[in-house]
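Hello,

Here is the structure I promised to pass on to you. Have a look at it first, and then read on for what turned up in it.

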Amino acid sequence: MRRLLGVILVLALASLTLVSCSTTQEAPQQGMHPVQPIRPAPAVPPPPPRIYAYSDANLDALGLEETWERGLCDKQSPTVRDAYLLGNYILVETSNLKLYGLNRKSGQPEFVVTLTDPMDVRACEDDDFIYAVTRDVLVAVDKRAFVAYRKPLKFAPASQMIADETNIYMGCYDGKIRAFRKAGEPRYFDWKQTTMGVVSSRPAIGSKLVYAASEDGKVYALSPADGQSKWEFKTLSYVRGDVAFANRTVYVASSDGSVYALRDLPQVSREAQQAWPMPYASGKTIMSGPVVLGGTVYVVNEARECHAIDAATGKGKWILENINKVLSRGELNTYLLRDNRYILAADNESGEVHWMLDLQPRAVTRFLTNPTDDILYLVRDDGSTISVRERRPEVVPKAKELEAAEAAAGL
């Protein structure tokens, strides 16, 4: 009996040993072939924006409407040399040396002036005159369509001019910022401020100072009375884009790839000059000036990237590629130009592109930047101009008007 129990115990111990060995041999094999996790499906790229040809039906579907279309009615069939917005006018300069001032609301020509030479730089205006420079001659064009006076210049202006109540300001190729006093006889240049580079950037008029940027990389805050420099700000490279002023802030884009926001103050230390904690870096050279629309600063760098920046904080909101320029901004969309052919509607906050409108069927060749409202101004080579805007909601008639209409209809 004892022998039988011993044999049973020996067999039991042997079976346990075999089971443990088989377990230890299988464990490494399971480790060599771990269970593969399920990989997430790749993100589906958003569909490209739908491209629409130009037609009234398509405009209506996109939430746009054409408000007017006007031609120049010039029998000589000129071509457009330049076109841009200036105050309440669309200025169109043609190849036959005529300057047209079209009313922005109606498109009707309000004045036509014949020039002696092509314009050197873009014009500026005040309440009475349009000021232009043709072959180094300053021309004051009365808005009733005649030339009031001419003033020969001894220098070549390099920037678009800008005017306030007393002076005309311009940047010049000789590195100077000049102010021309409008009142008094004889008219003369009241002051000049010397920089170390060409001033091709259009100045901006602040609340109390005039701001100008030079290719020496500096931004100058100047007194409009005598041109005295109140302070200077140095960027890391030259500046060629126009200076922008909005919300008591000066916005400057430098070729160093950054956008700077400077405070509109007469006396300020460098530490307190910048309105943003840090300049906004786009990563590429910027040659054009910033455009400020609805609390957002837009800038396009040489890589054709459009950066939308919060004007108050300097933080980036979104970036879109293959953009030529900023056109206008509505309540929902920012309108941009792509490939000098398509208008993009990008969401103001997210930058999502809702649609692209192909303007080639209408032979549009010039797209004007409108910094004031949502209207798109489109110009053909022959000078005919189209005004397109976001469709306004239908006005609901008042109760009394509706009752009167029903009574008249016998209802």
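Strand E25, which covers residues 306–310, runs antiparallel to strand E26, and 4 bridges join the two. Within this pairing, alanine 308 of E25 has tryptophan 318 of E26 standing opposite. Please keep in mind throughout that this is a predicted model.

The two strands belong to an open sheet of 4 strands, with the order E23-E24-E25-E26 and antiparallel pairing. At its edges you will find strand E23 (291–293) and strand E26 (316–320), each of which pairs on one side only. On average, neighbouring strands in this sheet are turned by 20 degrees against each other, direction ignored.

E25 also contains a residue you may want to find on screen, cysteine 306. Is cysteine 306 buried or exposed? Its relative accessible area is 0%, and the cut-off for buried is under 20%, so cysteine 306 counts as buried. Cysteine 172 is likewise buried, at 0% relative accessibility. As for disulfides, a search for cysteine sulfur atoms within 2.5 Å of each other gives a count of 0.

Now to another part of the chain. A second open sheet of 4 strands has the order E7-E8-E9-E10, and its pairing is antiparallel. Why is one side of E7 and of E10 left without a neighbour in the sheet? Strand E7 (119–125) and strand E10 (146–152) stand at the edges and have a single partner strand each, so one side of each stays free of a neighbour there. From one strand to the next, the twist averages 20 degrees.

The partner of E7 is strand E8, residues 129–134; the two run antiparallel and are joined by 4 bridges. If you would like a landmark in this pairing, look for methionine 119, which stands opposite threonine 134 in E8.

Next come the aromatic rings. How many aromatic pairs does a search of the whole structure find? The search finds 10 aromatic pairs. One of them brings together tryptophan 68 and tyrosine 377: the ring centres are 6.3 Å apart and the planes stand at 45 degrees, so this pair is tilted. It links distant parts of the chain, since tryptophan 68 lies in strand E2 (residues 64–70) and tyrosine 377 in strand E32 (residues 376–380), 309 residues apart. Tryptophan 68 is buried, with a relative accessible area of 5%, and tyrosine 377 is buried with 2%.

Tyrosine 251 and tryptophan 276 make another tilted pair, because their ring centres are 5.9 Å apart and their planes are at 50 degrees. This pair also links distant parts of the chain, 25 residues apart. Tyrosine 251 sits in strand E20 (residues 249–253), while tryptophan 276 is in the loop between helix H3 (270–273) and strand E22 (280–281). Both residues are buried: the relative accessible area is 1% for tyrosine 251 and 3% for tryptophan 276.

There is an aromatic cluster to look at as well, formed by Phe129, Tyr131 and Tyr149. One last ring has a charged companion: the charged end of arginine 178 sits over the ring of phenylalanine 155, 3.9 Å from the ring centre.

Enjoy exploring it, and write back whenever you like.

Best wishes

Note on methods. Residues numbered from 1 in each chain as written. Predicted model: local features only at pLDDT ≥ 70, side-chain atom pairs only at ≥ 80, totals over all residues. Heavy atoms only, no water. Pairing = 2+ DSSP bridges. Axes fitted to C-alpha atoms, helices over the stretch in contact; angles between N-to-C directions. Phe/Tyr/Trp six-rings, centres within 6.5 Å; stacked < 30°, edge-to-face > 60°. Buried < 20%, exposed > 50% of the residue type's maximum accessible area, 1.4 Å probe, protein only. Lys NZ or Arg CZ within 6 Å of the ring centre and 35° of its normal.
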